[in-house]
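Here is a short briefing for a first look at this protein. Please view the sequence and the model before reading on.

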Amino acid sequence: LLTLDFRNAFNAVNRSLVMEVWTRIFPEATPFLFAMYAEAPESFAQGSDRTSPLSLKAWEGVQQGDPLGANLFASALQVVLLAAN
C-alpha cells in the first residue's frame, strides 16, 4: 500500500517535463502549450503600500483555470508512476 501527498501538486508540476511528454504524445497541442507555458505567466497582487501592484511570475506548475490543467498534471504524474513501476 502506498500513500502519496499531493498537497499543492498542480503548482509543483515540472513544465519542461509536461512539454516534453505532450510534444511527443500530442504534437497537435504543441502550439497551444507553447503559447500558454513558454513564458512565465504574470499575475499581479496589491502591494502592502497599496500604491503599486506586485508582479509575480510562475515558472512551475500549471495555470489555474487552464482547461488542460488536470490533463497536464496527469501526464506528469504518469511519467513518475511509470518510472516507479
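Which helix gives the most to the lining of the largest cavity? Helix α2, residues 15-25, does, with three residues. The model is a predicted one. The points below cover the overall layout, the cavity and one buried acidic residue, Asp66.

**Overall layout**
- The protein has four helices and two strands.
- Starting at the N terminus, the order of elements is α-α-α-β-β-α.
- The protein holds 85 residues, and 26% of them are buried.

**The cavity**
- One cavity of 30 Å³ or more turns up when the whole structure is searched.
- The largest cavity encloses about 40 Å³ of space.
- Its lining consists of Val13, Arg15, Val18, Met19, Tyr37, Val62 and Leu72.
- By type, six lining residues are nonpolar and one is charged. No polar residue takes part in the lining.

**Asp66**
- Asp66 sits in a loop. That loop runs between strand β2 (53-57) and helix α4 (69-84).
- Asp66 is buried, yet no salt bridge is found for it.
- Which side chain of opposite charge is nearest to Asp66? It is Arg15, at 8.5 Å. A salt bridge needs the charged atoms within 4 Å.
- The side chain of Asp66 does reach a backbone atom: the nitrogen of Leu68, at 3.0 Å.

**Where the topics meet**
- Arg15 appears twice in this briefing. Arg15 helps line the largest cavity, and Arg15 is also the nearest side chain of opposite charge to Asp66.

Methods
Residues numbered from 1 in each chain as written. Predicted model: local features only at pLDDT ≥ 70, side-chain atom pairs only at ≥ 80, totals over all residues. Heavy atoms only, no water. 1 Å grid on protein atoms, 1.4 Å probe; cavity = no way out; pocket = protein on both sides within 12 Å on 5 of 7 lines; lining within 4 Å. Points joined across faces, edges and corners; volume = space filled by probe spheres on them. Nonpolar A, V, L, I, M, F, W, Y, C, P; charged D, E, K, R; others polar. Buried < 20%, exposed > 50% of the residue type's maximum accessible area, 1.4 Å probe, protein only. Lys, Arg positive; Asp, Glu negative; His and termini not counted. Polar contact = N/O pair within 3.5 Å; in protein donor to acceptor, adjacent residues only side chain to side chain.
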